[in-house]
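The exercises below are meant to be worked with the sequence and the coordinates at hand. Each one sets a task, and a solution then follows step by step.

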Amino acid sequence: MSYRAPSWSVLIRYEWMLLRRGAAFWLATTAFCGLALLGIAFGAARTACWESSQETLLAEQEARLQDLRNRVIATADQPESLNTLSLNYAIGGNDGMRYALKPIPALAALAVGETATAPVHYAIQYVRKEALMAPPLTNPHHLAIGQLDLSFILVVLYPLLPLTLGYGLLSAEREGGILSLTLSQPISQMRLTLAKLAPRAGVILVFSIVIPIAVWAVSPDRALSSAIAARVFLCQVLLALYGVFWLVLAAGIGGKHASSDATLGAASWVTLAILLPSSLNVAAAFLYPLPPTEELSLATRQSTEQAGRISSQLLKEYFEAHPDHAPGPDKPAYTANDGNWVMYQEEIARGEALARSRFREQVQNREQMISVARFFSPPLALWQALEELADTSPAAFEHFRRQADDYEAEWKRYYVPRTLSKIKFTAADFDAIPTFRWNPRPLRVVAAATAPCLAALLAALAFALWALKVRGRMRAP
Amino acid sequence: MLSAFSTASQTMLVARHEIRCLAREGRLRVVGVVTLLLLVSAVAVSLRQSRVQQAAHEQAVEAERADWLSQDEENPHVAAHHGTYAFAPRSPLAFFDAGVSPFTGISTWLEAHHQNLFENRPSDDATTLDRFDALTPAFVGQVMMPLVIILLMFSSLAGEREAGILPLAFAQGAPFRRLVVGKTLGAAVVLLALLAAPVSLAALLVFTVAPVESTSDLAYSVFLLILLHLLYWGIFLFLSIGVSARAPSPRVALTTLFAMWVVVCWVIPRASVSIIDREIPVPSAASFQAAIAHQLSEGIDGHNPSDQRAEQLKVKLLRQYGVSRVEDLPVNFDGVALQESEEYGARVFDRNFSSLWDLYRRQDRLSTVTSVLSPLLAIRPLSMALAGTDNDSHLDFVRAAEDYRRRLVGFLNDDMIRNAGSAGYQYHAQPDLWRRTPEFQYRPRVLNVRLAGQTASLACLLAWFTLSAVMAVWASPTRNSHRRT
């Protein structure tokens, strides 16, 4: 009489039945469902708040610009005078400033990221942009604690679900002596382990598929483009890989006793999800310390004084380079201060940008360190990928800042020559002032930023599977 | 007397036994080494940063004052627009608990007409790594130490029950409560031995970065910080003993305590922030600035003499001095108008900033209420207050800087009022005026003021300590319940 190995479906169905019978399964899945729902609800509330804030800004801008346009029309017949110049400065100043708004990304509820501290809008006018950027007024105490956002739940708390489902996978049976009996059948330990892992991985897969879809469903604008669908899919893949990595890790760290499995599982979670990223943070701060922030204020002071000294010289050079903009007999003479003021602001912005570059350099060094470190820390890789997909990563905000910079330059190219050469703004000129056009990051850029994270998670999973295989071979039932 | 002696000696016997058991276990060595490594690296890196920041602060203050004094002959109002920077001092204990400092900005520009927001926040240059908690000594003490305690204590009674030692102890007449007290004492001694050296060293090192005049304040703060953390660790010690006493096996004890740690140290603090932000929303920066701009534009504008309020002021002054022309006034009208503008602006800023800070305060009060769910939310504000890195300490500096701005601009306007005459904005003051301007000096709040607003958090921490101690003793199984198991 020959024994046939039980089929995969039999093994998996049997395991699924056992899994459902355990209280730990229901406790862990219910707790995680609750946490995920909480994270999604908080994310939805956050994006709704963001949306309402942007609507208020746009309404205010529309009313303000309409009022200014009426003033331009009302003064159209008046001869060019100092009042006209005041109107020109109003167009370039607070009355005519334009907002560069970062639109709410479709998966914004996924990760707070930079939205907690970085500006989501810039007010563009002839005074330098940086001075008018408005970081959120969040309670600093709350920033110190952090939000219970979905990225935190998925990166830090979610691993506890696969660890709970996967710990004691074989050790409970080993302790009870059932494992030897099972392995006396024509079935290998690896096959048994994989069959045990399969229903658990199924649970992980369900969560991985549902959560990104739920995040998209609560976004203010539920438009579904191929780019958004691709982001949702990428997110699903990343979550599945991350979850299965922890599941395999839970199975791999199994020892002889289920009680030691619990300790090892907790220790591995604390090490990988908490201590390692925190230690890497310390290492980054140690290796690439940022200059003291006092330097930025002092740089502003120095560039302000420098600007005060050379602004008239800069204006002279400007008129030499752009003779058509220079004041002539047919143009009303403004005071030198008017032109100097524009040059003065430009010079300050240049000085500040130079001081900022030292900080950016160190931040880039840290980013480079992260690009290597994520291969040793799956939580870091996932968090980075989630922020990229949610468009709330430092890179996504840098993309927005660059667009705001470009818009500022475009706006100034239009505004500054007209003001310096004393051309009075007409209603047609006013309507032709460039407006901010948002170009979302192309999907290929997002995919390129996410790909190394995906590779890091794949590598981590491959390593965990290899370790599981090696340990399985070494360990006698 | 004999009975009391016997009780004490039995308790000490249990404590000694617990110390021996913990010392024998490999777990203590692993946990101990990891904890010490974490603590030492956190202290070393934080102290290094603290020193660099302290030096940068001193240099910046000096450079800014030198810049102010180096102004040439200038109109006082131009000097008021030149302004000066106020740099927030770094508390010597910020190395232990950075608190809100990375998120508040380190300087503000003090200039005429405007109360500016603080700028140049260290958090502006965050990377993805900063999403994870920073490894500061406060993080190790408040988040990781509870886990260390749990890992050391989860099997203290549950393990003995599983090994069958507990019934033997009962059979020999060991009262359960004495057992609990003895085990708690033993574990406390082990923990103290583990932490005594790094904590003492860090406490001594902090005096090397502190100004001499604040030494006694600092000594009390360090003492209270240690005391409060001992109290906080005591909570987890009692909870661990209580759960270990009730749990049927060490595995159940560990799972329960670990889940409790995750909820108390990770979920509740962050969930409370998300809920409070939703319940008590703060205005967006755009609407906050727009409200101030709108209210200011409604008021007097010091640069615009055609302003309606300026006109009213002119009429009032002419009547007051009995003259018919501004030129005949014995004071400079521009200076008076500027000062009126400042005073009006001050009312606008006070109204708006006060309402923002009131919102922060309401949020913080609600956060204190949620500390009934997590002792971490009780110790965190206490620790930040003792370290001088809490919201109130920051707001105190903001108020002092704004107060100085108003005094400085008032001083310059006063010079213009008295000396500008008909020259108005063409009047140039001598450099001597810059030397006579008051220098900005800020004294951080003393300890009792810092702690005055923390009564609720302290009460909460004490309540947690008392309740967990009661739970450890009361939740312990009686002999009968043990026999049933």
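A residue is called buried when its relative accessible area is under 20%, exposed when over 50%, and partly exposed in between. The model used here is a predicted one.

**Exercise 1. Locate B:Glu402, classify its accessibility, and find its side-chain partner in a polar contact.**

Solution. The first step is to place the residue: B:Glu402 belongs to helix 15 of chain B. The second step is to compare its relative accessible area of 6% with the cut-off of 20%, and B:Glu402 is therefore buried. The third step is to look for its partner, and a polar contact of 2.8 Å is found between the side chains of B:Glu402 and B:Arg405.

**Exercise 2. Classify the ring pairs A:Phe25–A:Trp26 and B:Tyr404–B:Phe440.**

Solution. Two quantities are needed, since an aromatic pair is described by the distance of the ring centres and the angle of the planes. Under the pairing rule, 31 aromatic pairs are counted over all chains. For A:Phe25 and A:Trp26 the centres lie 4.9 Å apart and the planes meet at 75°, which is over 60 degrees, so this pair is edge-to-face. Of its two members, A:Phe25 is buried at 7% relative accessible area, whereas A:Trp26 is partly exposed at 47%. For B:Tyr404 and B:Phe440 the centres are 5.1 Å apart and the planes are at 40°, so the pair is tilted. B:Tyr404 sits in helix 15 (residues 391–419) of chain B, while B:Phe440 sits in the loop between helix 16 (432–436) and helix 17 (447–452) of chain B, so the pair ties together parts that are 36 residues apart in sequence. B:Tyr404 is itself buried, with a relative accessibility of 4%.

**Exercise 3. Which residue has its charged end over the ring of A:Phe152, and which cluster includes A:Phe152?**

Solution. The charged end of B:Arg270 sits over the ring of A:Phe152, at 3.8 Å from the ring centre. Ring pairs then link A:Phe152 into a cluster with A:Trp269, A:Trp383, B:Phe132, B:Phe139, B:Phe258, B:Trp261 and B:Trp266. Another charge over a ring is that of A:Lys102, which lies over the face of A:Phe397 at 5.1 Å from the centre.

**Exercise 4. Check the span of helix 14 of chain B against the expected value, and describe its burial.**

Solution. Helix 14 (residues 375–387) of chain B has 13 residues, and at 1.5 Å a residue the expected span is 18 Å. The C-alpha atoms at its ends are 18 Å apart, which agrees with that expectation. As for burial, 13 of the 13 residues of helix 14 of chain B are buried. Just after this helix, B:Gly388 adopts a positive phi of about 70°.

**Exercise 5. Which strands of the three-stranded sheet in chain B stand at the edges?**

Solution. The sheet is open, with strand order 1-2-3 and antiparallel pairing. Strand 1 (84–87) and strand 3 (114–115) of chain B each have a single partner strand, so these are the edges, and one side of each lacks a neighbour in the sheet. Strand 2 (residues 107–111) of chain B is joined to strand 3 of chain B by two bridges, and B:Leu110 has B:Gln115 in strand 3 as its bridge partner.

**Exercise 6. How many disulfides are found over all chains?**

Solution. The search of the whole structure gives zero disulfides. For A:Cys33, the nearest cysteine sulfur is that of A:Cys235, 16 Å away. A:Cys33 is partly exposed, at 35% relative accessible area.

Note on methods: Residues are numbered from 1 along each chain as its sequence is written. Chains are lettered from A and ligands numbered from 1 in the order in which they are written. This is a predicted model: local features need pLDDT of at least 70, side-chain atom pairs count only at pLDDT 80 or more; totals for chains, interfaces and linings use all residues. Side-chain values use heavy atoms; hydrogens and water are left out. Rings of Phe, Tyr and Trp (its six-membered ring) pair if their centres lie within 6.5 Å; planes under 30 degrees apart count as stacked, over 60 as edge-to-face and the rest as tilted. Buried means under 20% relative accessible area, exposed over 50%, partly exposed in between (1.4 Å probe, protein chains only). Helices (H or I, at least four residues) and strands (E, at least two) are DSSP runs, numbered from the N terminus. A charge sits over a ring if NZ of Lys or CZ of Arg is within 6 Å of the ring centre and within 35 degrees of the ring normal. The expected span of a helix is 1.5 Å times one less than its number of residues. A disulfide is a pair of cysteine sulfur atoms within 2.5 Å. A polar contact is a pair of N or O atoms within 3.5 Å; within protein, one must be able to donate a hydrogen and the other to accept it, and residues adjacent in sequence count only if both atoms are side-chain atoms. Two strands pair if DSSP finds at least two bridges between them.
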